[in-house]
Amino acid sequence: MDIICASICYRGYAEDEVAATLEYAPQIGYQRMEIHGPLIWSVDAAHTFDISGMKAKIDASGMKCAGLYPPGWGGQDNADVDARAGAIARCVEIAEGLGATHLTTSGAQRRTDPGALDRVIACVREVLQRIPPESQIKLTLEPHHGNVLEQASDFQTILDAIPDERVGVCIDTGHFHSSGVDTLAAIRQFASRLYAVHLKDHLGTVSVGIGRGDLNLKQIIEALQAVDYQGDLTLELEVEDPENLPRYTEEAYFYLKGMLGLQL
């Protein structure tokens, strides 16, 4: 495992979070990044994304793109599901063009919306029909507090309905913590289809700098190692004091590298 810096780590600190990630993260030591944010998260943005232009910027920074955060799974009706499936399929093309390995996003609706989980399943199936069968891009679903994708049972329902092994789970330590989900149990439950981890620390439902919250991150990492998780850890910071994000992003790099026993 190594540490990926998601562009959300500079959201609210810089006007362009992706540009800030490409500028500041490699100075700390990060070698891989993920594109989260306005450049990719809406249907329209996905279809207008400039693959060659972004690849040139990433190459110039010396970093590599590991993943993308596309529009959410599902939708409010069949037309919305179709539009989102088209945008996510486009993001698979973008990921391939940038040399990334996975897409990760949560659901498009709250869990209280009737039929929301069924529309997530329909959206995933539609994406699979739209992308080449030989595509190696992993499609991962992650929890958000209050989202249609929140509890372990939500993910189990989807994996049971869709056996395609390109579809899997992203463990988000902060959102699982906020929703009262046993993260260690979820790691064991979804081990065979666990393709991404969004690593946060929290005080209650509030995201804080890594090592400043309630989460036992060492225990989480040990659980990932115990199930032979083959992916990396994507650092996400959604803190309430974004002016401190450069410091938190740097602290996290050294804190997690040391916890993983990786050379600086």
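These exercises walk through a predicted model, each with a worked solution.

Residues are numbered from 1 along each chain as its sequence is written. Local features need pLDDT of at least 70, side-chain atom pairs count only at pLDDT 80 or more, totals for chains, interfaces and linings use all residues, and side-chain values use heavy atoms, with hydrogens and water left out.

**Exercise 1. Place glutamate 34 and find which side chain it meets in a polar contact.**

Step 1. Find the element. Glutamate 34 sits in strand β2, residues 32-35. Helices (H or I, at least four residues) and strands (E, at least two) are DSSP runs, numbered from the N terminus.

Step 2. Check for charge partners. Glutamate 34 is buried but has no salt bridge. Arginine 32 is the nearest side chain of opposite charge, 6.9 Å away. Buried means under 20% relative accessible area, exposed over 50%, and partly exposed in between (1.4 Å probe, protein chains only). A salt bridge needs a side-chain nitrogen of Lys or Arg within 4 Å of a carboxyl oxygen of Asp or Glu. Lys and Arg count as positive, Asp and Glu as negative; His and the chain ends are not counted.

Step 3. Look for the polar contact. The side chains of glutamate 34 and threonine 234 are joined by one of 2.8 Å. The term covers a pair of N or O atoms within 3.5 Å; within protein, one must be able to donate a hydrogen and the other to accept it, and residues adjacent in sequence count only if both atoms are side-chain atoms.

Step 4. List the surroundings. Leaving aside neighbours within four places in sequence, glutamate 34 is in contact (heavy atoms within 4.5 Å) with residues including Cys5, His102, His198 and Thr234.

**Exercise 2. Trace the chain from β4 to β5, then from β5 to β6.**

Step 1. Pair β4 with β5. Strands β4 (residues 102-105) and β5 (residues 138-141) run parallel, paired over 4 bridges. Two strands pair if DSSP finds at least two bridges between them. Leucine 103 stands opposite leucine 139 in β5.

Step 2. Follow the crossover. From β4 the chain passes through helix α5 (residues 116-130) to β5, in a right-handed β-α-β crossover. Right-handed means that, with the strands pointing away from the viewer, the path from the first strand over the helix to the second runs clockwise.

Step 3. Move on to β6. β5 pairs with β6 (residues 167-172) in the parallel sense, over 3 bridges. Here leucine 139 faces valine 167 in β6. Helix α6 (residues 152-161) completes a right-handed β-α-β unit with β5 and β6.

**Exercise 3. Count the salt bridges in the structure and work through two of them.**

Step 1. Count. There are 17 salt bridges.

Step 2. Take arginine 130 and aspartate 82. Their side chains meet at 2.4 Å, N to O. Arginine 130 lies in helix α5 and aspartate 82 in helix α4 (residues 78-98), so the pair ties together parts that are 48 residues apart in sequence. Arginine 130 is partly exposed at 38% relative accessible area. Aspartate 82 is also partly exposed, at 40%.

Step 3. Take glutamate 222 and lysine 218. The closest N and O atoms of this salt bridge are 2.4 Å apart. Both residues lie in helix α9 (residues 217-226), 4 residues apart, so about one helical turn separates them.

Step 4. Look for a network. Salt bridges that share partners join Asp172, Lys200, Glu236 and Glu238 into one.
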